[in-house]
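Subject: Structure for you to look at

Hi,

Here is the structure I said I would pass on. Have a look at it first, and then read my notes underneath.

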Amino acid sequence: MTGVVVYQLRSRCQASNSQDSCLFSRKRLQDLSRPKKQWRAPDRKLFWGNQDPIFPVSDSALTTPLTKRICSLAQPKALSRHYVPNREQYFYGCGRESGIWKISLPALFYRPSRRIQNLAQPNRFKIQYLPNGSRARKSLRFSQPSPRILRLSIAKDTNPNYVPPKSIDTRISITTLSAVATPRIIDLAHPRIKLEGLCYERQKCEMPVRPIVSAALLTKPSPRIVALAKPKPLHQDYLPFRDAKWPVSHAAAHYEVSPRIQELANPSSRGPMHIVYYDPDVFKVKPAALKAQCSARVRELAEPIVR
């Protein structure tokens, strides 16, 4: 990059008539060629999750006595008198909608009255009055069903054309098992013997699998068959597969890298991501901004919109 800047400066000097105007400083060019340093980036590496502060604390700040104001601010905030602490974790039981409250001792030794005992019993039966006026506890009776309900309660009949599903196991009748097969059926039951197949005895390895007729061996092929028998040639732009291992040329083995390539091969120096996207002074106001006086236009824009 420095060589490019020097070349541009020299070309500008050659274009001008006076050589006194094209003065440059090598120190200035070296300063401009260095990468810019990140603004407000700490020099040391930070690890989140430890107890170390972002910026080191001086010894004078550690030994400074605290004022009454700082001591009062360091005290925790007192609880309100209306504060109700959280209930225990087992307050709501598993499968219960109501809370599990602690029962006091007087409630455990309290004896319920007869009214409460009668109300606590489940209402399973109803008391019916008999014709003679006496009361008896009997089971609940239902009214007689209507003819319509009796007719609807009858199951629907099966269709006379309905055929039930066939069973998986096929039952063979006794007559079929005791039948005698005819000679025709026995003949058809034999497997078919194929005369043409790959089951020929090979006398020599060079001989074909299927026997070739002598007339076919003596037949002369036509020019068309000879042309079709030739393999298809490769394309003129076809490149064969490269070997996995190939020798390195002498020029590549003895090549010297230029300083420019070495400079470009070095990785770019960037800060870690958790520091680049974190600015500790993002809400810090500069002293000059605190002492600045806003103009009349700024005051006009700062006023709320009247609706």
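How many disulfides does a search of the whole structure find? Zero. For two of the cysteines I also have the exposure: C71 is partly exposed, with 33% relative accessible area, and C294 is partly exposed as well, at 40%.

Before going further, please keep in mind that this is a predicted model. The average pLDDT of the protein is 77, and 69% of the residues reach at least 70. The stretch from 17 to 22 has pLDDT below 50, and leaving aside near neighbours in sequence, it makes two contacts in the model.

**Overall picture**

The secondary structure adds up to 16 helices and two strands. Burial is scarce on paper: of the 307 residues, 3% count as buried. The exposed area comes to about 33,200 Å², and carbon and sulfur atoms supply 59% of that. As for contacts with a separation of 6 or more, 24% of them are between residues 24 or more positions apart.

One pair that is far apart in sequence is Q38 and R270. They are 232 residues apart along the chain, yet their C-alpha atoms are separated by 8.7 Å. Q38 sits in the loop that runs between helix 2 (26–33) and helix 3 (59–63). Is Q38 buried, partly exposed or exposed? Its relative accessibility is 38%, so Q38 falls in the partly exposed class, which covers the range between the 20% and 50% cut-offs.

**Salt bridges**

There are three salt bridges in the structure, and here is each of them.

- D31 and R34 join through their side chains, with an N to O distance of 2.6 Å. D31 is partly exposed, at 36% relative accessibility.
- R260 pairs with E263, and their closest N and O atoms are 3.6 Å apart. Both residues belong to helix 13 (residues 259–265), where they lie three residues apart, about one turn of the helix. R260 has 38% relative accessibility and is partly exposed; E263, at 45%, is also partly exposed.
- E300 pairs with R297, with 3.5 Å between the closest N and O atoms. Why are E300 and R297 separated by about one helical turn? Because they are three residues apart in helix 16 (residues 296–302). E300 is partly exposed, with a relative accessible area of 48%.

**A nonpolar patch**

The other thing to look at is on the surface. Which residues form the nonpolar patch there? They are I103, L105, L108 and F109, and together they have about 510 Å² of accessible area. L108 belongs to helix 5, which spans residues 105–108. With 54% relative accessibility, L108 counts as exposed, because the exposed class begins over 50%.

If you open the model in a viewer, you could start with the 17–22 stretch, where pLDDT is below 50. After that, go to the Q38 and R270 pair, with C-alpha atoms separated by 8.7 Å, and then to the patch that includes L108.

Let me know what you think.

Cheers

Notes:
Residues numbered from 1 in each chain as written. Predicted model: local features only at pLDDT ≥ 70, side-chain atom pairs only at ≥ 80, totals over all residues. Heavy atoms only, no water. Helix = DSSP H or I, 4+ residues; strand = E, 2+ residues; numbered from the N terminus. Buried < 20%, exposed > 50% of the residue type's maximum accessible area, 1.4 Å probe, protein only. pLDDT = per-residue confidence, 0-100. Contact = heavy atoms within 4.5 Å. Disulfide = S-S within 2.5 Å. Patch = residues over 30% accessible without salt bridge, like charges linked within 9 Å, V, L, I, M, F, W, Y side chains within 5 Å. Areas by Shrake-Rupley, 256 points an atom, 1.4 Å probe, with all protein chains shown as cover. Salt bridge = Lys/Arg side-chain N within 4 Å of Asp/Glu carboxyl O.
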